Amino acid sequence: MNRKHIASSIIISMCFASTVTACSNQATLESSAVESLEAEVEATTETSIEETEVAEETTFEPYVHSADGYFNLFEEGNATEIKTQVRGTCWVTGAATSMESSYLWRNGENISIDPVDLLNEVFSDEKPEGWFVPAAYHLDIGGWNWQIVETLSNGWSDYILMDATMYDNVYRDIETIQNAIRENGAMCVGINDTNGDTYLRFFEDYFTFNAPEYIAEIFDHEVSIVGWDDNFPREYFAYEASQDGAWLCQNTHGGSWGNGGFYWVSYDMPLESPTVMIISDEYDHVLSYDWGNEDILDLGTETITTANVFHESGVLRAVGTDTTCLNQGIHIAICDASMQNVIYEQDAFFPVNGYHTVILDEPVEVSDYSIVITYDTSAPVEGEAYVFESYEFRANCNEGESFVLVEGEWIDMSSENIQEILGIDFTPNNCCIKAIY
């Protein structure tokens with residue numbers, strides 16, 4: 001099974017068919033594993049509610065935010081539209097909010113991203129490869145941040161996806177998440193939405209949410225983090241938190257929900273695929289062969305070098321690729337089509353993995369050329385085609401497109417015996433390298 005789905009195979013199929021505040025009450029769970037998990041959660045919840053003291057309706061001393069440890073994008077001039085999702089589209093609604101927020105934060109201008117347009121792009125039947133939903137109505141089945149990133153990194157509409165750092169491995173590092181939001185804008189995250197009727201509650205004027213650990217790890221909804229308060233009282237939750245502090249989250253149910261469309265979520269709650277999606281309209285188009293970083297190429301060496309060969313004249317202004325681990329360095333070389341003669345070089349370093357764009361310090365005139373990237377440890381590749389419940393991921397690699405350097409020799413990724421040559425157990429298909437004009 002694909003590396004991403006090992007971690008989220010149940011999550012995606014559950015997404016988003018939950019309870020009162022869930023994304024879509026029309027979605028049908030198709031997996032017996034999901035049904036079993038829901039039954040287990042329900043049974044555990046019933047037992048644990050009896051055994052766990054949920055906060056009684058209590059009058060607390062009114063809490064007022066102080067300047068210390070408090071931040072709110074809306075109060076910093078980054079007010080974007082509070083959206084209402086259409087059926088099961090919370091995942092693209094949260095992504096649209098992040099895109100609008102990051103654009104406003106960087107450009108001082110409001111734009112409007114239609115979540116359904118994003119959804120249609122992700123599951124478009126007109127693209128050659130990528131994500132498809134041949135047997136399901138796409139408004140109801142839900143999805144995940146990295147599906148959006150994988151699709152939109154190839155460009156769409158008037159925009160280029162410039163960065164989508166994925167903070168899965170560091171979401172418990174509160175300061176890192178805060179800095180990402182402060183520097184870039186709203187962060188879309190997967191979060192729990194189960195048993196909202198039990199754990200969502202007003203305390204004074206604050207609508208809050210915190211769930212016990214055994215429920216919190218079910219990710220069936222997406223929201224956007226737009227602020228925080230490090231001193232938010234731990235007692236201000238129906239299920240008392242272990243620490244002070246909460247995220248200010250913008251939900252996808254319109255302005256009449258919660259605190260004008262927002263609620264406070266305890267720092268105790270886990271976050272799934274926290275991502276800030278940064279877009280730009282300053283570039284023309286993207287050339288690429290891959291439709292998603294669906295696997296990792298690791299040959300057990302300190303570095304690994306891959307390349308894509310392109311055949312389009314113009315001015316190369318940036319290079320897009322994914323990083324596959326924390327604190328990964330990459331070396332970019334623009335070469336001729338033989339991948340031998342270097343025209344331009346530039347290094348980059350990324351503390352957190354995800355999709356990134358490296359803007360070239362000096363744009364390069366190109367025609368027939370290659371982009372060669374050497375990665376520390378491992379390299380992003382498209383991976384193999386597969387069918388996963390309602391989803392189908394299609395991938396293909398043609399001769400002369402993507403290459404990997406093995407013991408000084410360039411190996412075409414389309415080779416029939418590529419698995420044997422590389423000593424891997426999957427078909428890698430294209431390398432995740434994009435040329436941005």
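This report walks through the overall fold, the nonpolar cores and one pocket of a predicted model.

## The chain as a whole

Let's start with the big picture. The protein chain has 22 strands along with 9 helices. It runs to 437 residues, and 60% of them are buried. Its exposed surface comes to about 17,600 Å², with carbon and sulfur atoms supplying 44% of that.

Contacts reach a long way along the sequence: take the ones between residues at least 6 apart, and 77% of them join residues at least 24 apart.

## Two nonpolar cores

In soluble globular proteins, nonpolar side chains tend to be buried together. Here, the largest nonpolar core holds 88 residues, and the members touching the most others are M99, I113, L118, F123, I148, Y263 and I279. Helix α3 (residues 90-107) gives this core its largest share, 6 residues.

I148 is a handy one to click on. Beyond its neighbours within four places in sequence, I148 is in contact with W91, V92, A95, M99, V122 and M277. There's also a second, separate core of 35 residues, with V319, I332, I418 and F426 among them.

## The second largest pocket

Now for a pocket. The second largest one has a volume of about 310 Å³. Its lining is made up of 18 residues, and T165, Y167, A180, P351 and V352 are the ones nearest the centre.

Which element gives the lining its largest share? That's α6, with 5 residues. At least two lining residues each come from β3 (160-166), α6 (174-184) and β10 (272-280). By chemistry, the lining splits into 8 nonpolar, 6 polar and 4 charged residues.

Conventions. Residues are numbered from 1 along each chain as its sequence is written. This is a predicted model: local features need pLDDT of at least 70, side-chain atom pairs count only at pLDDT 80 or more; totals for chains, interfaces and linings use all residues. Side-chain values use heavy atoms; hydrogens and water are left out. A nonpolar core is a set of buried Ala, Val, Leu, Ile, Met, Phe, Trp, Tyr and Cys residues joined through side-chain atoms within 4.5 Å. Buried means under 20% relative accessible area, exposed over 50%, partly exposed in between (1.4 Å probe, protein chains only). Helices (H or I, at least four residues) and strands (E, at least two) are DSSP runs, numbered from the N terminus. Contact means heavy atoms within 4.5 Å. On a 1 Å grid over the protein atoms alone, a cavity is a set of points where a 1.4 Å probe fits but cannot get out, and a pocket is an open set with protein on both sides within 12 Å along at least five of seven lines; lining residues have an atom within 4 Å of a point. Grid points are joined across faces, edges and corners, and a volume is the space filled by probe spheres set on the points. Ala, Val, Leu, Ile, Met, Phe, Trp, Tyr, Cys and Pro count as nonpolar, Asp, Glu, Lys and Arg as charged, and the others, Gly among them, as polar. Accessible areas come from the Shrake-Rupley method with a 1.4 Å probe; for residues, only the protein chains shown count as cover.
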